[in-house]
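The following report looks at charged and aromatic side-chain contacts. Please keep the sequence and the model at hand while reading.

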Amino acid sequence: MPAFLFFFFICNVAGAQTAMINVQSRKLTSLNGKWNVIIDPTSAGDNMQVWLEKKPQKKTDFFEYSFQGGQVLNVPGDFNSQLRELTYYEGTVWYKRIFNYSPNNTKRIFLYFGAVNYLADVYLNGEKLGSHEGGFTPFQFEITNKLRSGRNNLIVRVNNLRKKNGLPGIGYDWMNFGGITRDVDIVETDRTYIEDYNLQLKKGSLDTILGFVELAGIGGDQNVAVKIPELKLIYKTKTNSKGVAMVQFSSAFKLWSPKNPKRYKVIIESETDAVTDTIGFRNIVVKGNKILLNGKPIFLKGVNIHEENPYKGARSFSKKDAVVLLNAAKALGCNMVRLAHYPHNENMVKEAEKMGLMVWSEIPVYQHIDFADPVVSDKMDRILRAMIGRDKNRCGIIIWCLSNETYPGTPNRNNALINLTQECRGLDSTRLITHVANTQRYQNNTFDVRDTLYRYCDLVSINEYLGWYVPWQGKPSDVKWNVVCPDKPVFISEFGGEALYGNKSGPIDEAAYRTEEYQAQIYRNQIQMFNSVPNLSGVCPWLLYDYRSLGRLHPVYQRGYNRKGLLSDKGKRKKAWYVMKAYYSGI
Ligand code: GCU
């Protein structure tokens, strides 16, 4: 099996499998909807074996839990925004869903989760299927031989307690929305089905696809076809003994770009299965100090976005949520979005691609990570594979980001992240790879950008908060730069400051620091400074909307929100929004 395939099939924590690709194109039974729940702050349910759902047999059987008569929650959806008493909740919630199913014994059946934050223990009819750790990537269990004909009882123990060796770790500047946060489906496939495929342009090519189709079930000599009706293209090949068919063919594709987000209907067929996808083809490389899209230099006009629907104050998951967020990015004049700091839901990635927005996708290796703990490297590998595994056919994704603001001094940080970078290149060499750092020194109005990680990156991504966390030391336009890797493109991945929408009080004084005017001035200054940045290939304000973060405690100006949005949590445009809009309109 070709090296880059090996990584896709390593099993997750006991039992949870890597999810098959493109579930939406399969025969699905949705388990979304109302689920009964038991809120279990002390995880007392573990000793009570809640998943067995014991029923009293005699008068003296006093079971101290039941799903009947209890709370009900929506799935998908985080639990914190659904019940007031769960607003700040971090702990265990037991979810239960009854479903009827008539298994067809010529088929295979899988239970698929889009994501569960953070730990999921899954039980079917009282039997444990397995567990999964990580709140932002899909996973599945094969239940072909575990399903009953008729009534089935699915119980999921969800826990969003923070873990020191977790991803993310203990401290992070966003809301720890817990729950079954994305779709849950029963997936029915043939005994031999299309488990995975990768159909993207070969690195550096504008017309040749290099990829594979992978079957699960019986192996060799299976006929496989890739069809693109619009191009009257049918490519035929055969699987090898391991069920893998290599794919390589050329065509005069209309290339995907922000101006023309062209995508094609693509049908992948085997003798017993077929899936349909909508795929665009584009080429993204770094050449010298420039980022080239389809061979032409491009400037990334970005904005950072958290996976939160500001109007609901809830974890976003739906197509509608995605369109709300992405329309706002388009309105600002963006051609790119950084989906911070974890893999967002598939709707977000697909809608961005459809709208012509390039996507930066990231794994939550964020600030305080316990790199010294060997399990952390396994977890990083696993989440990286799951992110790339799910989205490798999304041409909108141009950058994989592997870490944000980790501390060079942390034991094993460099080794762990350098290994991860090489891993990522092995998995996908067709996209740009980066790490974000804020380790630069700033003295005498001069930046000294030195992080070792940049040597392993395709672009130098810098978070800097001049004017907010760091006072200017001179005129913005006079800022000097010493950048390690002076020949690489530079990307300002975060900058900005806070303002409470409507707080317009006049001249700068203590209380006025969070005025719209002060925030707008930060943006004007940053834009002046951008002219001095060597090899500047893009910028990305922190961030689009005010969003929930419990560490933001100021009772007047924050109230549990990070207020660095260019838009308030009600979508109101702050003064800085207009400054950024004008800047992007001028590029
Ligand atoms: C950091 C970090 C963000 C955070 C931002 C802030 O740079 O990457 O996640 O929210 O700063 O402090 O507002």
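Does Arg338 count as buried or exposed? In this predicted model, Arg338 counts as buried, at 0% relative accessibility. Its salt-bridge partner is Glu362, with the closest N and O atoms 2.8 Å apart. Because Glu362 lies in strand β27 and Arg338 in strand β26 (residues 336-339), this pair ties together parts of the chain that are 24 residues apart in sequence. Glu362 is likewise buried, with a relative accessible area of 0%, so that this salt bridge has a buried residue at either end.

**Salt bridges**

Side chains of opposite charge can pair when their charged atoms come close. Over the whole structure, the search finds 45 salt bridges, and three of the individual pairs are listed here with their closest N and O atoms.

| Acidic residue | Basic residue | Closest N and O atoms |
|---|---|---|
| Glu127 | Lys146 | 3.2 Å |
| Asp370 | Lys164 | 2.8 Å |
| Glu362 | Arg338 | 2.8 Å |

The salt bridge of Glu127 with Lys146, at 3.2 Å, links distant parts of the chain, since Glu127 belongs to strand β8 (residues 127-133) and Lys146 to the loop between β9 (139-142) and β10 (150-159), 19 residues apart. Glu127 is partly exposed, its relative accessible area being 39%, and Lys146 also counts as partly exposed, at 32% relative accessibility.

For the salt bridge between Lys164 and Asp370, with its closest N and O atoms 2.8 Å apart, the separation along the chain is 206 residues: Lys164 is found in the loop between β10 and β11 (184-190), and Asp370 in the loop between β27 (358-362) and α5 (374-391). The two ends fall into separate burial classes, given that Lys164 counts as exposed at 57% relative accessibility, whereas Asp370 counts as buried at 16%, a value under the 20% limit for burial.

Salt bridges also join into a network, and one such network links Asp173, Glu498, Arg514, Arg552 and Lys564.

**Aromatic pairs**

A pair of aromatic rings is described by the distance of the centres and the angle of the planes. The count of aromatic pairs comes to 28. One of them is formed by Tyr442 and Phe447, a tilted arrangement with 4.9 Å from centre to centre and 35 degrees between the planes, and both Tyr442 and Phe447 are buried. Phe495 and Tyr523 form another aromatic pair that is tilted, with the centres 5.3 Å apart and the planes at 55 degrees. Because Phe495 lies in the loop between β34 (490-494) and α7 (516-530) while Tyr523 lies in helix α7, this pair ties together parts that are 28 residues apart in sequence. Phe495 counts as buried, at 0% relative accessibility, and Tyr523 is buried as well, with a relative accessible area of 0%.

Which residues form one aromatic cluster with Tyr172? The cluster consists of Phe136, Tyr172, Trp174, Tyr342 and Tyr366.

**Charges over rings**

Tyr172 also takes part in a contact with a charged side chain, in that the charged end of Arg162 sits over the ring of Tyr172, 4.5 Å from its centre. A further contact of this kind involves Lys312, whose charged end sits over the ring of Phe317 at 5.7 Å from the ring centre.

Technical notes
Residues are numbered from 1 along each chain as its sequence is written. This is a predicted model: local features need pLDDT of at least 70, side-chain atom pairs count only at pLDDT 80 or more; totals for chains, interfaces and linings use all residues. Side-chain values use heavy atoms; hydrogens and water are left out. A salt bridge is a side-chain nitrogen of Lys or Arg within 4 Å of a carboxyl oxygen of Asp or Glu. Helices (H or I, at least four residues) and strands (E, at least two) are DSSP runs, numbered from the N terminus. Buried means under 20% relative accessible area, exposed over 50%, partly exposed in between (1.4 Å probe, protein chains only). Rings of Phe, Tyr and Trp (its six-membered ring) pair if their centres lie within 6.5 Å; planes under 30 degrees apart count as stacked, over 60 as edge-to-face and the rest as tilted. A charge sits over a ring if NZ of Lys or CZ of Arg is within 6 Å of the ring centre and within 35 degrees of the ring normal.
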